[in-house]
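Please find below my notes on the model, arranged as numbered points. They are meant to be read beside the sequence and the coordinates.

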Number of protein chains: 6
Amino acid sequence: MNCVLYTPAFCKTLVAGNYTIDCCMMVRKYFDDFVLEETRETYGRTITETDIVIHAGQTGDFFPHHMDAEWCKAQPFGQRMAHGTLIFSVAVGLTAGAINEVAMTYGYERLRFIKPVFIGDTITVKVTIKDLKDHKKPGFGLVTELVEAFNQRKETVMVCEHILLAQKK
Amino acid sequence: MNCVLYTPAFCKTLVAGNYTIDCCMMVRKYFDDFVLEETRETYGRTITETDIVIHAGQTGDFFPHHMDAEWCKAQPFGQRMAHGTLIFSVAVGLTAGAINEVAMTYGYERLRFIKPVFIGDTITVKVTIKDLKDHKKPGFGLVTELVEAFNQRKETVMVCEHILLAQKK
Amino acid sequence: MNCVLYTPAFCKTLVAGNYTIDCCMMVRKYFDDFVLEETRETYGRTITETDIVIHAGQTGDFFPHHMDAEWCKAQPFGQRMAHGTLIFSVAVGLTAGAINEVAMTYGYERLRFIKPVFIGDTITVKVTIKDLKDHKKPGFGLVTELVEAFNQRKETVMVCEHILLAQKK
Amino acid sequence: MNCVLYTPAFCKTLVAGNYTIDCCMMVRKYFDDFVLEETRETYGRTITETDIVIHAGQTGDFFPHHMDAEWCKAQPFGQRMAHGTLIFSVAVGLTAGAINEVAMTYGYERLRFIKPVFIGDTITVKVTIKDLKDHKKPGFGLVTELVEAFNQRKETVMVCEHILLAQKK
Amino acid sequence: MNCVLYTPAFCKTLVAGNYTIDCCMMVRKYFDDFVLEETRETYGRTITETDIVIHAGQTGDFFPHHMDAEWCKAQPFGQRMAHGTLIFSVAVGLTAGAINEVAMTYGYERLRFIKPVFIGDTITVKVTIKDLKDHKKPGFGLVTELVEAFNQRKETVMVCEHILLAQKK
Amino acid sequence: MNCVLYTPAFCKTLVAGNYTIDCCMMVRKYFDDFVLEETRETYGRTITETDIVIHAGQTGDFFPHHMDAEWCKAQPFGQRMAHGTLIFSVAVGLTAGAINEVAMTYGYERLRFIKPVFIGDTITVKVTIKDLKDHKKPGFGLVTELVEAFNQRKETVMVCEHILLAQKK
């Protein structure tokens, strides 16, 4: 569930038009509708010990970095950290808003884990449209979204590019 | 996550106004904004064996109706069924769309479990504004939403009334 | 949880033989057997961060009230709280003792969430028989149980009425 | 599971008043109260794919016997099976009835996994008091319970001895 | 998963003594030790309905592609599919063998989801060393592993490049 | 955990080529290969509140020793403790390294829970070969492994004997 704040002014106009504003599950945002530098932010998601334990159980990755608080005390980072795949999965989930009927995920590039995420850290995600270009297939274009995850100290913990294949109008 | 289908026409007008349509997390829907008989529907949520096992684990309710397929074969209903509290929790979760900054849940009334929900059934939820009346507290009103959960055969499985306490403009 | 059907006759012999009575899974408590103001209490159940994370995952309700510790710090309540549906589900699970072969849940009324439940709070539940009346169906009666959940400071966090449809002898 | 401390005195009054006895969480069953060959049985618990996936996640045991349906097809047993530790944990949980205030688990002996348990099998557990003998500590005795788990075809899947250290009156 | 540090010297003695080698948790594989086209494969991991339900709960991604069997029946793909992030997380977990003390994950590139993964599909992962080049930091090199996930019909479902930053001897 | 079958021959070539050995999932360790007093240790696994909550949910054991922090405060041990079956399951999982194709678990003996394990404790497990004797079946032998689990203060929390039935060469 992503988070766009509709300003009160905007809400008023929608309500004036007799539509109640609620949550959209399905939209149609064409390649032509995307705007460079357009940005949106999500709410925070606190990464809990539970998330790490469940993710270890889901993936089979029981490395002591995640599961052994005593071993971690003796390392430079000092405490258990979240799996990179956990932060990536949660970030993608946070940015998944409405289903865009005319676009689909093409892939991900340049996924980097910049800083560890520890138990109790809260991450927020910002998505910025960084590139728009035609796809070799006629009638389609590729949209590149820069996805940045930050912790509560505003430090970048993860980045990647999300590539969308979108229909043209 | 609730599911309102914005017609293509409506989406076009919003997009023309240079707003991208995504998911709202925060809105301001005042008591005055609610309209009787206004209705919305959610997507379906398939109730899985996993949901029942996890809910038993969460609540400690291990009654054989939910946990013992052999015992259930010998009963009129013939197979394991979901906990009522599971269906209620999932239905409430499905209908939770945007956070309405100017209203809050007052309570629930008349919660009835009409038909059992079995593994593999898919439920959808419909919400209808049924009543609007002043609250004794000045500047506030009570909104009654009728919440109906249906299975994939369109049979009603659960109903309740969700009472909201909403600010007046 | 073991499963022995203790008829009143059998219970009498156990008591006569000076055995303390272990756990019954199946009983027959008729409408006539319920007594007004009869009361029972449950043990405590500490509500953990794990419970909240699992419940969010079960229901899809990821509101920041439950999932974003930073956002919560900026609110009057200051910290993450449990979902109302979590407390309701856990309370119902705590009060589910033996299976009463001659009664079934008719529904719930007046479900109110009085105070938030925070991570680390321990809830106990008290059930009091508040009303007994005939049901329109001959041979059946309706039993109203007042269900009250308290935290470790004895504050009421949740109340509701549980209505049972019970056979008469 | 509700929680009322039923003293023998209280149980007597309930029985005298013709009430069927609900669930006791706390009892006092002294070494002297145990009787050889006394037996009790539990309800069934269907072992689901969910149980196996969750247990793998809890223990880190991702052996293909539990996690790889294709690999299992090529083995004599043909399908995924439950972890022995899962069956042992579930069996112990099923037999845990009331808390006996005057006894505690001393240990387990002769734990054998006789037959594999497959997804969809339902296990029931039978407990029989097999041995009673003094403990070297004065005022205490050792109770040996034979714990047998069966599947829905009445085949024994697991056995062990549960040793209790119980106070004498 | 047991944990013994096997130095090359120790491994040599074990092999000399005719012992088959058990599981290593910690190794030292330097940049110089990686060989182009070197390949390894994992066991299969059956993707279960439980995995999808748990992953939805972990990420908040409740799209009907994963959660609504009825909606899926009406789509070209016909049934519920796993989240891409689930397959990516499980694949990375499957390939995580011993902890290499002298290398770390640098990032991922070209992550593509080629075919959907459905409930009951079993995935295996193959890792091939595709590129070795110096890193701008002296004493370090970048190793590119091609990671390919296949289903039980040998169809490629996911690919990506895993970049490791490894110390030189 | 990756899965490569390393035959002794293959291991020899790897060692000859100066490669450190990664993780083996499948080995052949015959009865003749076991050596008395041979020992191995595992990494630590921090036992979290999440583990206890999930284990209660898996087994149905909701005793206040595990679930009620307030009740625990009034007991000598003062705080919630892990289920014995949780510690046993986790210990067995930790010691499960490679799959030994020529041996299988025969059973467990003398399982004792020596000290409680509290939330936040980290356990490590040590396995020592304690006994080797012929099995009545020709060509087979019984291997007794002493399994000891310790907490971070090096105190023994659990012991048992794991009996393996192993083929002779």
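**Notes on the predicted model**

1. Within chain F, strand E5(F) and strand E8 (residues 156-167) run antiparallel and are joined by eight bridges; strands, like helices, are DSSP runs numbered from the N terminus (E, at least two residues, for strands; H or I, at least four, for helices), and two strands pair if DSSP finds at least two bridges between them. One of the residues involved is F:Arg112, whose bridge partner in E8(F) is F:Val159.

2. On conventions, this is a predicted model in which local features need pLDDT of at least 70 and side-chain atom pairs count only at pLDDT 80 or more, whereas totals for chains, interfaces and linings use all residues. Residues are numbered from 1 along each chain as its sequence is written, chains are lettered from A and ligands numbered from 1 in the order in which they are written, and side-chain values use heavy atoms, with hydrogens and water left out.

3. Strand E5 (residues 103-113) of chain F also pairs across a chain boundary, since two bridges join it to strand E5 (residues 103-113) of chain D in an antiparallel arrangement. In that pairing D:Tyr108 has F:Leu111 as its bridge partner.

4. Chain D is superposed on chain A by a rotation of 180° with 0.0 Å of shift along its axis, at an RMSD of 0.0 Å, the fit being by least squares on the C-alpha atoms of residues with pLDDT of at least 70 in both copies. That is the relation of a two-fold axis. Of the interface residues of chain D, 100% are also interface residues in chain A, so the copies meet through the same surface.

5. Which residue of chain D comes closest to the rotation axis? The residue is D:Gly57, with its C-alpha at 1.6 Å, and D:Gly57 is among the buried residues of H2(D). Helix H2 (residues 49-59) of chain D has eleven of its eleven residues buried, where buried means under 20% relative accessible area, exposed over 50% and partly exposed in between (1.4 Å probe, protein chains only). Just after H2(D), D:Gly60 adopts a positive phi of about 80°.

6. D:Glu145, in strand E7 (residues 140-150) of chain D, deserves a check by eye. D:Glu145 is buried yet has no salt bridge, and the nearest side chain of opposite charge, D:Arg40, is 4.1 Å away; a salt bridge here requires a side-chain nitrogen of Lys or Arg within 4 Å of a carboxyl oxygen of Asp or Glu. Leaving out residues up to four places away in sequence, D:Glu145 touches residues including D:Arg40, D:Val127, D:Cys160 and D:His162, with contact taken as heavy atoms within 4.5 Å.

7. Over all chains the structure holds 72 salt bridges. In one of them, E:Arg45 and E:Asp51 meet at 3.1 Å, N to O; E:Arg45 is buried at 2% relative accessibility, and E:Asp51 is buried at 1%. A:Lys29, which is buried at 13%, forms a salt bridge with A:Glu38, their closest N and O atoms being 3.2 Å apart. C:Glu155 is partly exposed at 26% and forms a salt bridge with C:Arg153, with the closest N and O atoms 3.2 Å apart.

8. E:Val92 lies in helix H5 (residues 84-95) of chain E and is buried, with a relative accessible area of 18%. Apart from neighbours within four places in sequence, E:Val92 is in contact with A:Thr85 and E:Tyr108.

Terms used:
Lys, Arg positive; Asp, Glu negative; His and termini not counted.
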